[in-house]
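Student: Could you take me through one part of this structure closely? I would like to look at the sheet and what packs around it.

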Amino acid sequence: VQDYARWHDVMGQEMIAGLINAENEQLLFGTGVSPQLTGILGNDDVAANTIYWDGTNENVLDAIHRGITSVRANAYIEPDCILIHPDDLETCRLLKAADSGVYLAGGPLASEPTTLWGVPVKVVNRASLKSTVIVGNFKTAGHVYVRQPVTFEMNPWAGQEFSRNEILTRAEERIALGLEQPKAICPVSLT
């Protein structure tokens, strides 16, 4: 590699960014089947808290509020964040009053909402989150424990890579998710 120093920096940044994305996916959706972590939605205690939208007697915003109430009533704490997919946020934004046709969550000239029912919103563009809103107090619910911080390693001389002009690279981190208070998280299923 001619420009080794620059390549090393860029490759390290890209691999670490990819590692963080993969970890975030695991922390939310990991099934616990090796080599996956048991993520928030894979935790049986969290799954037991799930609120299901009935789709007939309430709108999506009502179901999200029931998730907020679940966290308040079962964990005795205020939710600090709502994780929502962009498509589900759009559904909330486009809700209209049946009689007047007025937008319930502001019209097309209103800015994007930063809260729903007073709880901060974080838009998470992960296909796995579509049709599931996660309401919770994530600061209280649990912690990510880091056993080994992020490392980026390269081996330009491993095996046949030398004859092929290849460099072996690896980015890794060892983490675990501990959910000490799973009732502080309430998934809201919109299907």
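**The sheet and its surroundings**

Tutor: Keep in mind that this model is predicted. Start with helix H4, residues 86–93, where Arg93 lies. Arg93 has 11% relative accessibility, and buried means under 20%, so Arg93 counts as buried. Its side chain makes a polar contact of 3.5 Å with the side chain of Glu112. Leaving out residues up to four places away in sequence, Arg93 also touches others, including Tyr103, Ala105 and Pro113.

Now turn to the sheet. It is open, with six strands in the order E1-E8-E5-E2-E4-E3, and the pairing is mixed. Strands E1 (51–52) and E3 (115–116) stand at the edges with a single partner strand each, so one side of each has no neighbour in the sheet. Further in, E2 (residues 81–84) pairs with E5 (residues 132–136) in the antiparallel sense, over three bridges. There, Ile82 has Val135 of E5 as its bridge partner.

Next comes helix H3, residues 60–75. H3 lies across E1, E2, E3, E4, E5 and E8, and runs at about 160° to E8.

What fills the largest nonpolar core? This core has 20 residues, and Ile64, Ile82, Ile84, Leu116, Val133 and Val135 have the most contacts inside it. H3, E2, H4, E4, E5 and E8 each give two or more residues to this core. H3 gives the largest share, six residues. Look at Ile84: among the residues it touches, beyond four places away in sequence, are Ile64, Leu89, Leu116 and Val133. Another core, of 14 residues, lies apart from this one, and includes Phe29, Ala75, Leu83 and Ile185.

Conventions:
Residues numbered from 1 in each chain as written. Predicted model: local features only at pLDDT ≥ 70, side-chain atom pairs only at ≥ 80, totals over all residues. Heavy atoms only, no water. Pairing = 2+ DSSP bridges. Helix = DSSP H or I, 4+ residues; strand = E, 2+ residues; numbered from the N terminus. Contact = heavy atoms within 4.5 Å. Axes fitted to C-alpha atoms, helices over the stretch in contact; angles between N-to-C directions. Buried < 20%, exposed > 50% of the residue type's maximum accessible area, 1.4 Å probe, protein only. Polar contact = N/O pair within 3.5 Å; in protein donor to acceptor, adjacent residues only side chain to side chain. Core = buried A, V, L, I, M, F, W, Y, C linked by side-chain atoms within 4.5 Å.
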